[in-house]
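Colleague: I'm new to this one and would like a close look at a single part, with enough of the surroundings to place it. Could you take me through the interior, and then show me some spots to compare with it?

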Amino acid sequence: MGLAGRGYDIHLLSAEKAGTEAIAADYRARFAAAGVRWTTIRYHKPLVGTVRDLLAMMHAALRIARRERIALVHCRSHPPMPVALAVKRWTGARVLFDFRDFWADSGIAKGRFVPVYRWIKRRERGFILGADHVNCITARGGEHLRRLYPEQRASWSVIPCCADFDLFRLDADAGTAARARLNIPADATVLLYLGSLGPDYLLDDMMRLFKELRGLRSNAVFLLMVNNDSDLVEQAAAAAGIPQDTLRVANAQRKEVPGFIAAADLSVVFRADLSKLGCSPTKLGETLACGVPVIANNGVGDLDALLSPAVNGSLALADLAPATMRAGLEQVLARMKTSAQIRKSALAFSLEAGIGAYASVYEALGAGEC
């Protein structure tokens, strides 16, 4: 929508799951107001469903590209790249491969629908060689790919995941209200986790971090704003010997999330497996935009370089040993930076910065304002 506002004529093609009709109706209205056309196909589960979806998307993409004389195909992540390259062969349109994270490697590591992920991984080299431009969301991810595929000739960029700084902003009153809603004492030290749960997100290690925080601040509370598998929290806490009354598990509409972030004193972003090389957590920009410092584990995207007590009051831990966790917590709790300074340091993650960066890529690929 931001790029359309800069004069680009955009047609979005996506595969959508059943049961999202209400959300889709909302976005269809937003897209229409922004001048973005939107074509959808129905998403089906792997294995056979993947082939079915690719064929349906390829048919729709060819029809759109021929009718509208598409000059540039901006392809988000691996699954639709066969479609993007087919459109390039048919029409001569240029292709921007928005690599995102290491999608195929992560899928293989998880062991679900492995044949699909292996099929995509075998084609990754062709995707990169066939693209006119490759965007990664982390510099480390891009460096790894260029070492892996040294024969590529595409241009490259790094554009991290962005946050809407108009929505995610400093709001102490909203934080106070969120604490009251969750029965969190005003003087408690609140650790926040925001996002999904699962093997990738090291819940057991987050519980160990919280246990170390309780050793420093006996009144600490762990607030987990999660959108799935909340029962895992109780299990992980019990295994770590953490009292259930020190936990708060909640879910919220997107517009409510900034208030819950404002209720926190610090936040945790942990990630596992190869995909963390290319991981630029959206929650990072959202949390920093609300003035809350972050503790991450080493090797998550570019966070080692981005997080610093002197820059944004935050830290990437060298390892997840208890002593390292405790020392890191002590640094972050010292709060070398105010909330306003933390927010200001994160402007590179703003939506406007991302729109400008993508517009520069579009221009370099000769899309122009078309």
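Modeller: Let's settle one term before anything else: a residue counts as exposed when its relative accessible area is over 50%, as buried when that area is under 20%, and as partly exposed in between. Keep in mind too that this is a predicted model.

Let me start with the whole chain, to give the interior a frame. The protein chain has 18 helices and twelve strands. Its radius of gyration is 22 Å, close to the 21 Å that the globule rule gives for 370 residues, so the chain is as compact as a globular protein of that length. If you draw a box along the principal axes, the C-alpha atoms fill roughly 65 × 40 × 40 Å. Of the 370 residues, 50% count as buried. Take the contacts between residues at least 6 apart in sequence: 70% of them join residues at least 24 apart. As for the outside, the accessible surface comes to about 17300 Å², and 54% of that belongs to carbon and sulfur atoms. The chain carries 46 positive and 37 negative charges, and the mean positions of the two sets are 5 Å apart.

Now for the interior itself. The largest nonpolar core has 36 residues, and the ones with the most contacts inside it are F168, M225, I261, L284, L288 and L303. Several elements each supply at least two residues of this core: strand 7 (190-195), strand 8 (221-226), helix 12 (257-262), helix 13 (282-289) and strand 11 (294-297). F168 is a good place to zoom in. Leaving out residues up to four places away in sequence, F168 touches R254, V257, P258, I261, E286, A289, C290 and R343. There is also a second, separate core, this one of 31 residues, with M207, L317, V332 and L333 among them.

Next, pick out W156, which is found in strand 6 (residues 155-158). At 19% relative accessibility, W156 counts as buried, because the limit for that word is under 20%. Setting aside residues up to four places away in sequence, W156 touches I128, H133, V134, C136, G142, L145 and R146. Try measuring across to V361 as well: the C-alpha atoms of W156 and V361 are separated by 9.0 Å, although the two residues are 205 residues apart along the chain.

Helix 18 (residues 351-364) holds A353. With a relative accessibility of 33%, A353 counts as partly exposed. Its contacts, not counting residues up to four places away in sequence, are L347 and A348. Here too you can find a partner from far along the sequence: A353 and C162 are 191 residues apart along the chain, yet their C-alpha atoms are separated by 8.0 Å.

Helix 5 (residues 103-110) is worth a stop as well. Its buried residues are A104, D105, S106 and G107. What covers them includes helix 6 (114-122) and helix 7 (124-130). Just after helix 5 comes G111, which takes a positive phi of about 80°.

That brings us to two arginines with a positive phi. R100 has a phi of about 60° although it is not a glycine. R100 lies in strand 4 (residues 94-100) and is buried, with a relative accessible area of 13%. R69 also has a positive phi, near 50°, and is likewise a residue other than glycine. You'll find R69 in the loop between helix 3 (48-68) and strand 3 (72-76). At 76% relative accessibility, R69 counts as exposed. The C-alpha atoms of R69 and T91 are separated by 8.0 Å, with their positions 22 residues apart along the chain.

Last, have a look at D204, found in helix 10 (residues 203-216). D204 is exposed, with a relative accessible area of 53%, and the cut-off given at the start is over 50%. From D204 to L96 the C-alpha atoms are separated by 38 Å, and the two residues are 108 residues apart along the chain.

Notes. Residues are numbered from 1 along each chain as its sequence is written. This is a predicted model: local features need pLDDT of at least 70, side-chain atom pairs count only at pLDDT 80 or more; totals for chains, interfaces and linings use all residues. Side-chain values use heavy atoms; hydrogens and water are left out. Buried means under 20% relative accessible area, exposed over 50%, partly exposed in between (1.4 Å probe, protein chains only). Helices (H or I, at least four residues) and strands (E, at least two) are DSSP runs, numbered from the N terminus. Contact means heavy atoms within 4.5 Å. The radius of gyration is taken over C-alpha atoms; the globule rule is 2.2 Å times the number of residues to the power 0.38. Accessible areas come from the Shrake-Rupley method with a 1.4 Å probe; for residues, only the protein chains shown count as cover. Lys and Arg count as positive and Asp and Glu as negative; His and the chain ends are not counted. The place of a charge is taken as NZ of Lys, CZ of Arg, CG of Asp or CD of Glu. A nonpolar core is a set of buried Ala, Val, Leu, Ile, Met, Phe, Trp, Tyr and Cys residues joined through side-chain atoms within 4.5 Å.
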